[in-house]
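Thanks for making the time this morning. I would like to walk through one model with you, and I will put the sequence and the structure on the screen before I say anything about them.

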2 protein chains.
Amino acid sequence: MHQINRLAIVGGSHGNELTGVYLVKKFQKSPSLINRSSFETLALLGNLKAIAEGRRYIDKDLNRCFHHQGLQDPTLATYEDLRAKEIQQFLQPPNQPFVDSIIDLHTTTANMGLTLILGNMHPLLLQLAAYLSSINPLVKVCSHQQARTSGFLRFMCELGLVIEVGAVAQGVLNAELFQQTEQLIYAVLDYFEGYNQGKIPQTSNTLKLYESIGVIDYPRNEAGEIEAMIHPQLQFQDYQPLNPGDPIFLTFAGKEIFYEGESTVYPVFINEAAYYEKGIAMHITQKQLLHID
Amino acid sequence: MHQINRLAIVGGSHGNELTGVYLVKKFQKSPSLINRSSFETLALLGNLKAIAEGRRYIDKDLNRCFHHQGLQDPTLATYEDLRAKEIQQFLQPPNQPFVDSIIDLHTTTANMGLTLILGNMHPLLLQLAAYLSSINPLVKVCSHQQARTSGFLRFMCELGLVIEVGAVAQGVLNAELFQQTEQLIYAVLDYFEGYNQGKIPQTSNTLKLYESIGVIDYPRNEAGEIEAMIHPQLQFQDYQPLNPGDPIFLTFAGKEIFYEGESTVYPVFINEAAYYEKGIAMHITQKQLLHID
């Protein structure tokens, strides 16, 4: 990899995830917080209308609108389709390459602590993730490779990543998580500054990576209505092992439903509010220990 | 008080408070759960459109639309104004008196456990509250008398109360809180059944009541934007004493702001998501020990 020349921090891709919204507003007021000598940092609010209305989105999920085809398609004209095109213009001004890195700020109602979701397996991203998880035990690292065609913002550049923080309710600021997210952003910026200057911080050569291998939906009736809730024993247990036979759901009538998979998995995004409508009660991941150079 | 003849359980007055929505759906499917021999129980979903869209409301907060004047005013015609009139018709069919009691089911992102908010100081409501808090230590009791003109549903009948449960995020079901709310509803119904049959359960003759005496807003700039968050030491500390000089907010720049009141108060609704737009960071209450007969 060449130098990192431009990096973008995006908050409020979902309008009711306030941590990113208010961090970006803070950075816009005080750019010196995110300026580094060797690269340019942009700070950008994502879904402006949804932020104003305190909703995730207006017509459709903005963070599913960044697929190449959709961005070229003039017939796609919902607010989010148009906003995705504006953001693309901002991140890729005429006759310039796309920003080298995007830090896309999100929160979740799942208990995911400070999660990094890597846009790809670029060696520099893996080294960054290993470094961040070695200096802060709250940092966990996920990837979700099969989502590459899903229109996520993080896939738009070479070094895209999401910071996904929780548990925090939609429409709420949690001061402790706000400050932890802020410090994590500074650590990313400092790492890239070190990289550009040939001074990468000493790091671990192993990385614990949770790779999404699929999703589990809520039990539903024929009309599509959910018939069960996350089991109390699974609630807030993101990144903990889920074994075959462990309780996973509890029906409204109080009947337990057990996990029927064949091997131990590590669920994340357990009981994420925004995923009820997407048919996702949780993602299941496999834990890998990567050796990195 | 005469007999209780009809009672209504309302869920989803706010469309993204799922506990009440799914409890009412359960009761509608299995009315025997809420039937009692001495009175009729209705189960009703509140804001149908907002429930379908997973939002608190469409145009305005339904649970502020039940003021006498508004219900008579044909020029008020937002979705919620019209729905409030429909609900009034449902709770008061032609030539019948209004339902005797309403149990209005809500959730909050504040850590309020199982809170009863009493619509008034009717002796039977106070006795009920004393009984429920004596059998379940998670039950807390609030009242908010100055809100009587605010158009809350609970003020529409003689024995109105809210069950306010948290902390739970908007758009999320928490199975444990769902089951606790359900059991609390059954305890209310059983208590009224006993009352009608002249067999009121033995109860405590004291009641710890948290009376709202006002609200505190977030610090805001001239444009009305918030400039601080709930202080980490206050987050989730509903019903705990807040003393003059205790930290209350933390600005985005990291500066602490301290409580400047003159005496100890007991905050509730700390960091409720839906109250950011209402200018409420928390309600402050005074704790009273009531002697009841």
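Let me begin with a convention, since I will be naming loops by the elements on either side: helices (H or I, at least four residues) and strands (E, at least two) are DSSP runs, numbered from the N terminus. Please keep in mind that this is a predicted model, in which local features need pLDDT of at least 70, side-chain atom pairs count only at pLDDT 80 or more, and totals for chains, interfaces and linings use all residues. Residues are numbered from 1 along each chain as its sequence is written, while chains are lettered from A and ligands numbered from 1 in the order in which they are written.

With that settled, I start in the loop between β11 (266-268) and β12 (282-291) of chain A, where A:N271 lies. Phi of A:N271 is near 65°, a positive value in a residue that is not glycine. Is A:N271 buried or exposed? A residue is called buried if 20 or more other C-beta atoms lie within 10 Å of its own, exposed if 12 or fewer, and partly exposed in between, with C-beta atoms placed from the backbone; A:N271 has 28 such neighbours inside 10 Å and therefore counts as buried. A second positive phi, about 75°, belongs to A:Y239, again not a glycine, and this residue sits in the loop between β8 (228-230) and β9 (247-251) of chain A. A:Y239, however, is partly exposed, because 19 other C-beta atoms are within 10 Å.

The backbone has another feature to look at, in the loop between β6 and α6 of chain A, which holds A:A167. The peptide bond joining A:G166 and A:A167 is cis, with omega about 10°, and in chain B the bond from B:G166 to B:A167 is likewise cis, with omega near 10°. As background, most residues other than glycine have a negative phi, and most peptide bonds are trans.

Stepping back to the whole of chain A, we find six helices and twelve strands. The radius of gyration of chain A is 19 Å, close to the 19 Å that the globule rule gives for 293 residues, so the chain is as compact as a globular protein of that length; the radius is taken over C-alpha atoms, and the rule is 2.2 Å times the number of residues to the power 0.38. Along the principal axes, the C-alpha atoms of chain A fill a box of roughly 60 × 45 × 35 Å, and buried residues make up 48% of the 293 residues.

Now to helix α1 (residues 18-29) of chain B, whose twelve residues reach 17 Å from first C-alpha to last, close to the 16 Å expected at 1.5 Å a residue, where the expected span is 1.5 Å times one less than the number of residues. Its buried residues include B:L18, B:V21, B:L23 and B:F27, and the buried residues of α1(B) pack against several elements of chain B, among them β1 (6-11), β3 (101-107) and α6 (175-196). In the loop between β1 and α1 of chain B we meet B:G15, which is buried, with 25 other C-beta atoms within 10 Å. Leaving aside neighbours within four places in sequence, B:G15 is in contact (C-beta atoms, placed from the backbone, within 7 Å) with residues including B:N47, B:I51 and B:Y57.

For the strands of chain B, pairing requires that DSSP finds at least two bridges between the two strands. Strand β7 (residues 206-216) runs parallel to β5 (residues 139-143), joined by two bridges, and B:S143 has B:E211 as its bridge partner. β7(B) also pairs with β12 (residues 282-291) in the antiparallel sense over ten bridges, with B:T206 standing opposite B:H291.

How, finally, do the two chains relate? Chain B can be laid on chain A with an RMSD of 0.0 Å by a turn of 180° and a shift of 0.0 Å along the axis, using a least-squares superposition on the C-alpha atoms of residues with pLDDT of at least 70 in both. The two copies are thus related as by a two-fold rotation axis, and in chain B the C-alpha nearest that axis is that of B:A169, 2.3 Å away. At the interface, 25 residues of chain B are in contact with 25 residues of chain A, and the largest share of the chain B side, three residues, comes from α6(B). Of the interface residues of chain B, 100% are also interface residues in chain A, so the copies meet through the same surface.

Methods:
Contact = placed C-beta atoms within 7 Å.
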